[in-house]
Amino acid sequence: QFETSEFSRNLYRHRNMAAPAKNVPAIEPYKEGVNVVTIKEGDNKTYPKAGDNLTMHYVGTYHGGPKHGEEFDSSIRKNKPFKFQIGKKQVIDGWDKGVLKMSLGEKAVLEVAWGYGYGAAGYPGVIPKKQDLKFEVELLAIN
């Protein structure tokens, strides 16, 4: 069972904030690629390599557009860490590239431009076309 941490409590508070007003100024799109913003340092010595099996927690939100700031998926809400193999195209490019820069135990925000997310097509019914995404992530385990 996932132990409640300050990180998850902050994510819970973030998820339950009121939706942004409809007449707010335009949100700047993310620059092409993925940007990793560290929230809490990891061990700064154990980094994943392509092919490693990872266990992570995440909260995904829309960046920009009419759903800006709204959550679309969360392993924390599901109370089930996400497991995948890095560098094998099992996740979006933003994750494959961004998570490789994180060390074990690190908590970060991945700012993913649409070209490194679900692209021009989006993911029908969930992710709009050309949608930038923000993921608050925690690298829990490697292999």
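Buried means under 20% relative accessible area, so Asp 52, with 7%, counts as buried. Keep that cut-off in mind for the views below, which come from a predicted model.

**View 1. The whole protein, to get your bearings.** Let us start with the overall layout. The protein has 3 helices and 6 strands. Following the chain from its start, you meet these elements in the order α-β-β-β-α-β-α-β-β. Of the 143 residues, 39% count as buried. The structure also holds 5 salt bridges, and some of them appear in the next views.

**View 2. Lys 49 and Asp 52, an exposed residue paired with a buried one.** Here Lys 49 and Asp 52 form a salt bridge. Their closest N and O atoms are 3.7 Å apart. Side chains of opposite charge can pair when their charged atoms come close. Are the two partners buried or exposed? Lys 49 is exposed, with a relative accessible area of 54%, whereas Asp 52 is buried at 7%.

**View 3. Asp 73 and Lys 78, joined by their side chains.** In this close-up, a salt bridge links the side chains of Asp 73 and Lys 78, at 2.9 Å from N to O. Lys 78 has 48% relative accessibility and therefore counts as partly exposed. Look out for Asp 73 again in the pocket view, where it is among the lining residues closest to the centre.

**View 4. Glu 138 and Lys 107, a salt bridge between two strands.** The closest N and O atoms of Glu 138 and Lys 107 lie 3.9 Å apart, and the two residues form a salt bridge. Because Glu 138 lies in strand S6 and Lys 107 in strand S5, the pair ties together parts that are 31 residues apart in sequence. Both ends of this bridge are buried: Glu 138 has 9% relative accessibility, and Lys 107 has a relative accessible area of 9%.

**View 5. The largest pocket and its lining.** Rolling a probe the size of a water molecule over the atoms shows where empty space is left. The largest pocket has a volume of about 240 Å³. Which residues are closest to its centre? Of the 13 that line this pocket, they are Tyr 58, Phe 72, Asp 73, Tyr 118 and Phe 135. The lining as a whole is made up of 11 nonpolar residues, 1 polar and 1 charged.

**View 6. A nonpolar patch on the surface.** Tyr 118, met in the pocket view, also takes part in a surface patch with Tyr 123 and Val 126. Together, these three nonpolar residues have about 270 Å² of accessible area. Tyr 123 is found in the loop that runs between strand S5 (107–112) and strand S6 (132–142). With 48% relative accessibility, Tyr 123 counts as partly exposed.

**View 7. Two pairs of residues separated along the chain.** Thr 55 lies in strand S2 (residues 53–63) and is buried, with a relative accessible area of 16%. Thr 55 and Lys 83 are 28 residues apart in sequence, yet their C-alpha atoms are 4.5 Å apart in space. The second pair begins with Glu 28, in the loop between helix H1 (6–15) and strand S1 (34–40). Glu 28 is exposed, at 65% relative accessible area. Its partner in this view is His 63, 35 residues away along the chain, with 8.7 Å separating the two C-alpha atoms.

Methods. Residues numbered from 1 in each chain as written. Predicted model: local features only at pLDDT ≥ 70, side-chain atom pairs only at ≥ 80, totals over all residues. Heavy atoms only, no water. Patch = residues over 30% accessible without salt bridge, like charges linked within 9 Å, V, L, I, M, F, W, Y side chains within 5 Å. Areas by Shrake-Rupley, 256 points an atom, 1.4 Å probe, with all protein chains shown as cover. Salt bridge = Lys/Arg side-chain N within 4 Å of Asp/Glu carboxyl O. Helix = DSSP H or I, 4+ residues; strand = E, 2+ residues; numbered from the N terminus. Buried < 20%, exposed > 50% of the residue type's maximum accessible area, 1.4 Å probe, protein only. 1 Å grid on protein atoms, 1.4 Å probe; cavity = no way out; pocket = protein on both sides within 12 Å on 5 of 7 lines; lining within 4 Å. Points joined across faces, edges and corners; volume = space filled by probe spheres on them. Nonpolar A, V, L, I, M, F, W, Y, C, P; charged D, E, K, R; others polar.
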